[in-house]
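Colleague: I have the sequence and the coordinates open, and I would like to go through a few spots with you. Could you take my questions as they come?

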Amino acid sequence: MTDIPRLVVAAPASNSGKTAVATGLMAAFAERGTAVSPHKVGPDYIDPGYHTLATGRPGRNLDAFLCGPERVAPLFLHGAAGAELAVVEGVMGLYDGASGEGELASTAHVAKLLRAPVVLVVDASAQSRSVAALVHGFASWDPEVRVAGVILNKLGSARHEELLRAALDESGVPVLGALRREAALRTPSRHLGLVPQAERGDEARQMVAALAARVREGCDLDALLALARTAPPLAGAAWDPAREVAADAGATDRGATPDGPGAGRRPVVAVAGGAAFTFSYAEHAELLGAAGADVVTFDPLRDERLPEGTGGLVVGGGFPEVHAAQLAENAPLRAAVAAFTGPVAAECAGLLYLARELDGAPMCGVLDATGRMTDRLTLGYRAAVAVGDSVLAAEGTRVHGHEFHRTVLEPGAGRTPAWGLVRPERRTEGFVQGGVHASYLHVHWASEPGMARRFAARCAGPAEAARTKAVRAARGAAGGAR
């Protein structure tokens, strides 16, 4: 049993201000010297970046669709190890989950899996006594979800606050905070939501500090901490990347080496970062490390060569469309990526970076395809199956992922696609060519640790690959002799 005080910060609907409140709470508690573990319900990459700024710890996602409900508590315990408080920011409205899947992956679902009390952030800008009916409805909808407090947001005046507090006295749900409207604290947005903190530098740090001050003045931090401490202990073990990789190796080979790349020299896996490639899950690097690789970050906007000794390349999500001109200007790195012969795993932004061009700007030309911005948002969870063998997955491997982009790639799939999507629609997408796996689909490797193990194994140099082949042949011969 593990006892970690924890709160889930939820809202009746999107745009209620839960990201600002959750980030402010994290920063306010961290400023008091509390070790705060930040978490985000759902697949979003941007909010966890602000959480990291607020707490100094990696922002981590808890997604019951991507990783399965059974992994939510273990992943939470892994991320919260050594923390004195965990704050979990919800997604959309409290009861909104995967489309057509009931409560699956909703904030309410995750709150139940974590046995955590919920604090409801209510946009009270256009209501008074009706707020009591709203809160009562959310608190009583599912008896297993404990809505234990309210933070009133976007208040217009002291009189407005008085009216709302009086109304909520009848609801039985205490008011734990009241925050006024402050346009200056709004985080800038663009076509996919908030602008990532990595692109804002000092401005983002100043905003997080301002949010902390706002929350400190308007919320009862002691009452919120006391509420967090009412969460009961969680049973079960924390997720462990080394154990996951070892369990996958024991269950099936899945095309990776029996000993893992750690049997010889550790390969270097270069992971794209910087302002253009901000989307990544912390567990991916941890799994690669557990699989025997050394993970090194590089910035395609600034670095003109790949890290020394790169044996594999991971280019995740982000905003190449925003930085296309600067990416194009870095011709030496584009040439290095085009000439790279090791395994490559690319998702969404990485897919576009490997294309021939993006909105007319030259990219790496690894894929014979062109990308462009559109007005159409592609967003949602996907169920997919690997069409063929690749550096990431064996043919037939089934995964859950998500898409989130306003770009299109033409063509959308290569001769050998990366994935066959089976839900909610049937189509193929992405590219598998040689050692390259490139796709729009974001997948959380914690749900399929064999992907990290398989990729790390493919990153071994020629000598290591030959050694591994000899070991496998010897083991096969020994097995036949028996």
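What follows is a chat about a few residues, a helix and the empty spaces of this structure.

Modeller: Gladly, and please keep in mind throughout that this is a predicted model.

Colleague: Let's begin with Leu441, then: where does Leu441 lie?

Modeller: Leu441 sits in the loop that runs between strand 21 (436-439) and strand 22 (442-443).

Colleague: And is Leu441 buried or exposed?

Modeller: Leu441 is buried, because its relative accessibility is 2%, and the cut-off for buried is under 20%.

Colleague: What does Leu441 touch, leaving out residues up to four places away in sequence?

Modeller: With those left out, the contacts of Leu441 are Glu347, Arg382, Ala384, Val399, Gly401, His402, Glu403, Trp419, Leu421 and Glu429.

Colleague: How far apart are Leu441 and Ala249 in space?

Modeller: From C-alpha to C-alpha the distance between Leu441 and Ala249 is 25 Å, and in sequence these two are 192 residues apart.

Colleague: Changing topic, how many disulfides does the structure hold?

Modeller: The structure holds zero disulfides.

Colleague: Why is there no bond for Cys364?

Modeller: The closest cysteine sulfur to that of Cys364 belongs to Cys348 and is 15 Å away, which is too far for a bond, given that a disulfide needs the two sulfur atoms within 2.5 Å. Cys364 also counts as buried, with a relative accessibility of 8%.

Colleague: And what about Cys459?

Modeller: For Cys459 the closest cysteine sulfur is the one in Cys364, and at 17 Å that is again too far for a bond. Cys459 is buried as well, since its relative accessibility is 4%.

Colleague: Now helix 5: what span should its residues cover, and what is the distance between its end C-alpha atoms?

Modeller: Helix 5 has twelve residues (residues 130-141), which at 1.5 Å a residue should span 16 Å, and its end C-alpha atoms are 17 Å apart, so the two values agree.

Colleague: Which residues of helix 5 are buried?

Modeller: Those are Val131, Ala132, Val135 and Phe138. Looking down the axis of helix 5, these buried residues fall within an arc of 135°, and therefore they line one face of the helix. On the other side of helix 5, Ala133 and Trp141 are exposed.

Colleague: What do the buried residues of helix 5 pack against?

Modeller: They pack against strand 5 (118-123), strand 6 (147-155) and helix 6 (158-168).

Colleague: On to empty space: what is the volume of the second largest pocket, and how many residues line it?

Modeller: The second largest pocket has a volume of about 710 Å³, and 34 residues line it, with Phe277, Thr278, Phe279, Ser280 and Tyr281 lying nearest its centre. The elements that give two or more residues to this lining are helix 2 (46-55), strand 10 (268-272), helix 10 (282-290), strand 11 (294-298) and strand 13 (344-347).

Colleague: And how many cavities of 30 Å³ or more are there?

Modeller: The count comes to three cavities of 30 Å³ or more, and the largest cavity holds about 60 Å³ of space. That largest cavity is lined by 13 residues, and nearest its centre lie Gly318, Glu321, Cys348, Phe404 and His405.

Colleague: Which element supplies the largest share of that cavity's lining?

Modeller: Strand 17 does, giving three residues to the lining of the largest cavity, while helix 13 (349-354) and strand 17 (398-410) each supply at least two.

Notes:
Residues are numbered from 1 along each chain as its sequence is written. This is a predicted model: local features need pLDDT of at least 70, side-chain atom pairs count only at pLDDT 80 or more; totals for chains, interfaces and linings use all residues. Side-chain values use heavy atoms; hydrogens and water are left out. Helices (H or I, at least four residues) and strands (E, at least two) are DSSP runs, numbered from the N terminus. Buried means under 20% relative accessible area, exposed over 50%, partly exposed in between (1.4 Å probe, protein chains only). Contact means heavy atoms within 4.5 Å. The expected span of a helix is 1.5 Å times one less than its number of residues. The arc is that of the directions from the helix axis to the C-beta atoms. On a 1 Å grid over the protein atoms alone, a cavity is a set of points where a 1.4 Å probe fits but cannot get out, and a pocket is an open set with protein on both sides within 12 Å along at least five of seven lines; lining residues have an atom within 4 Å of a point. Grid points are joined across faces, edges and corners, and a volume is the space filled by probe spheres set on the points.
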